[in-house]
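Dear colleague,

Please find below the structure I promised to pass on to you. My notes on its internal spaces and its charged pairs follow underneath, for you to read alongside the coordinates.

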Amino acid sequence: MATSDTNLADRSGNLVESFKSYDPRIILFYGIIGLLLLILAGGLAYQQLVKVDEYADRERQQNQRRVLFPGPRGNIFDRNGKLLVGNAHRFSVLLHLDELRSELRREETRIYKNFVAAGGKKEVPSSTQLGQIARVSLVQRYLDQVNSILGRDEKVNVKELRRHFQNHLLLPYTLLDKLEPTEYARLIEGLPVNSPLEVFATHVRTYPYGSAAAHTLGFVRPDNDVSAEDFEGEDLTTFKADGTIGKAGLEYQFNEHLQGKAGGRIYRVDPLGYKTSKPLEERKPTQGKHLTTSIDIDLQKIAEETIGDRQGAAIALDVNTGEVLVMASKPDYDLNQFSPRATTAVVEQMNEQGAWTNIALNGSWPPGSTFKILTSIAGFHRGILTADQPIENCNHYLRVGNALKPCYNGKEAHGDVLLPEAIASSCDIYYYRLGLMLTPDVLAAEARRMHFGVRTGIELPNETGLINVPDTAWMRRVHNSPWYDGETTNVAIGQGALQVSPLQMACFAASVARNEIFTKPTLLHDPNRPPQRNGAIGLTTEQRAALLEGMIGCTTHGTGKTLTQVAAYRIPYAIAAKTGTAQVTGRKNVAWFICFAPAEKPEIAIAVAIMGENAGEEYGGGREAAPVAGYIMKSYFDKKYGPQPIPPRPASLKTE
């Protein structure tokens, strides 16, 4: 018995001893639990403390929306401050869809009950279809309110409404557009103040002078990518109201300058995308910068009216500054037809008329006999021409190789003509011989010295690259052919492969007027712009006097005498000018006229090109193109100095 008690006591002691020891597995288990709890605590701390900004951003992106509104574009003015392009109100009726939430629920319930009553629950559309039907029904109900005030019977465009609900819920939906001002006034008085309907006035581009300077001013097109980089919320879902962007002319070239600064609002929205608060942030749109052009709209209108329905162009430059006073191109188009967008019918009509092309900038034709002024300068500059000595007897024809080259003056042979009379009467024989004496490469070099063959760099997009000054290297490169003397005589009188634009010829006329080698044109007006200084042509006093004598003779008794015969455009100043008529293969002739006045102290230089049927410079350049320049010049001087007395015809014309 004692032994048993002793054994029991030993076992109890051992058992107690074993419970007092620590099991390594339990320690490991506790460690793992502790580590997991530590990781969990760290993770919670990381999420709560470190990533709080990230979650805040996510929450913000989910329950906030940004709406952008374009700013109105800046105005465009002529040099005298007359508005050429502005912004007009366009009246619309808008419906704020986000304010219809409760009404939409009631409308869905009403439609649901109607379906159940009519055919049971089996006939009820899906919830999505019910929502679409309710939206159309409710929006039509508001549209009917407008119809009753205006006496209209307009219907909701279901497809447009569905698209707007899906993509632009925060933007108001346009029920009616292009309201008359009287309709706008009636709606202002007739609609309740607290209605979700809003009578709204937006800005659209307006052109007070219609088609005047259409190609120069250009137009805009709708733009659905309005941006506001400096307005917060770029990471938010953004809705954008339609704006405009420059598409042609100055509207395109100076789009960033004219473009208004977009405004914006940030709203808090519910899970369905409806607004739940007033704007959290707001910035009002601001108008773009204004642009003052060098155009004189009064002269521009006169130029276009004088060209009329013919195809052609007229450019007038301030001789000293190069500022463009007139840039007319016909046919043209009414710019208001592009605001807000041109219809298909308008586009088709313009395609048919060829009205898209700015002929002043992108017309590309041989310059005809107006180029004889350049040929004369080349002869003087190269020292092979003397003004008081004849170089060829004009007897109707000059044999060049195996061909007889005629004089197209339309009169008898000129005989031993001197330079001034060769210019005035535009003797081809004289210039055939002078061209042969110069050689084609010398002619080309002189033309390039006077900046033919390169773009003028005026502030308009897409200036023509179809300009060309041919030489022997060009002939080998393009036609893989030698150069023949017949081509030299063609280029000497402004024909052949020579290609210029009307704007280039206006710049050339201004350069000759200043006795310099080139003129940089500009469409921007600066009342303090200094005169251009672009290198002297290099003529002696006697040479320049002979050149001007011939150009003045062109208007007193030569091929451009129309300017001094007709009282409507006679001015009390000497006009230096040159006519030209270029034959264009397979097309009509191009009647050219370049001039500047007063000849002694030039202020204005003009180039005119008119497509016509008449050949011969007196009938083409003299009768088709010269009157356009005449009206522009007379209007210019009358406007600047007051109405001018009509001078008598030159004495040389009284006996004719």
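The largest cavity in this predicted model has a volume of about 50 Å³, and it is lined by Q132, R135, V136, V158, L161 and R162. Two elements each give two or more residues to that lining, namely α5 (127-150) and α6 (158-167). Sorted by class, the residues around the largest cavity are three nonpolar, one polar and two charged.

How many cavities of 30 Å³ or more does a search of the whole structure find? There are two, and the second largest encloses about 30 Å³ of space. Its lining is made up of L84, Y207, Y209, G210, A212, L217, I297 and L335, which by class amounts to seven nonpolar residues, one polar residue and no charged ones. Charged residues are thus absent from the lining of the second largest cavity, whereas the lining of the largest cavity has two of them.

Among the pockets, I would draw your attention to the second largest, which has a volume of about 280 Å³. It is lined by 18 residues, and those that lie nearest its centre are V226, S227, Q259, G260 and A262. Strand β8 (residues 243-246) provides the largest share of this lining, with three residues. By class, the lining of the second largest pocket has five nonpolar, seven polar and six charged residues.

Turning to the charged pairs, side chains of opposite charge can pair when their charged atoms come close. A search of the whole structure finds 23 salt bridges, and I describe a few of them here.

The side chains of E107 and R110 form one of these, at 2.5 Å from N to O. Both residues belong to helix α4 (residues 101-119), where they are three residues apart, or about one turn of the helix. Are the two partners buried or exposed, taking buried to mean under 20% relative accessible area and exposed over 50%? E107 counts as buried because its relative accessibility is 4%, while R110, with a relative accessible area of 38%, is partly exposed.

A further salt bridge joins the side chains of D428 and K372, again with its N to O distance given as 2.5 Å. This pair links distant parts of the chain, with D428 in helix α16 (residues 428-438) and K372 in helix α14 (residues 372-381), 56 residues apart. D428 has a relative accessibility of 3% and therefore counts as buried, and K372 is buried as well, with a relative accessible area of 0%.

Beyond single pairs, there is also a network, in which salt bridges that share partners join K82, D296, D298 and K639.

Lastly, the side chains of D332 and K330 meet in a salt bridge at 3.4 Å, N to O, and here both D332 and K330 are buried.

If you look at the model with these notes to hand, one place to begin would be the lining of the largest cavity, where α5 and α6 each give two or more residues, and another would be the bridge between D428 and K372, which links distant parts of the chain.

With best wishes

Notes. Residues are numbered from 1 along each chain as its sequence is written. This is a predicted model: local features need pLDDT of at least 70, side-chain atom pairs count only at pLDDT 80 or more; totals for chains, interfaces and linings use all residues. Side-chain values use heavy atoms; hydrogens and water are left out. On a 1 Å grid over the protein atoms alone, a cavity is a set of points where a 1.4 Å probe fits but cannot get out, and a pocket is an open set with protein on both sides within 12 Å along at least five of seven lines; lining residues have an atom within 4 Å of a point. Grid points are joined across faces, edges and corners, and a volume is the space filled by probe spheres set on the points. Helices (H or I, at least four residues) and strands (E, at least two) are DSSP runs, numbered from the N terminus. Ala, Val, Leu, Ile, Met, Phe, Trp, Tyr, Cys and Pro count as nonpolar, Asp, Glu, Lys and Arg as charged, and the others, Gly among them, as polar. A salt bridge is a side-chain nitrogen of Lys or Arg within 4 Å of a carboxyl oxygen of Asp or Glu. Buried means under 20% relative accessible area, exposed over 50%, partly exposed in between (1.4 Å probe, protein chains only).
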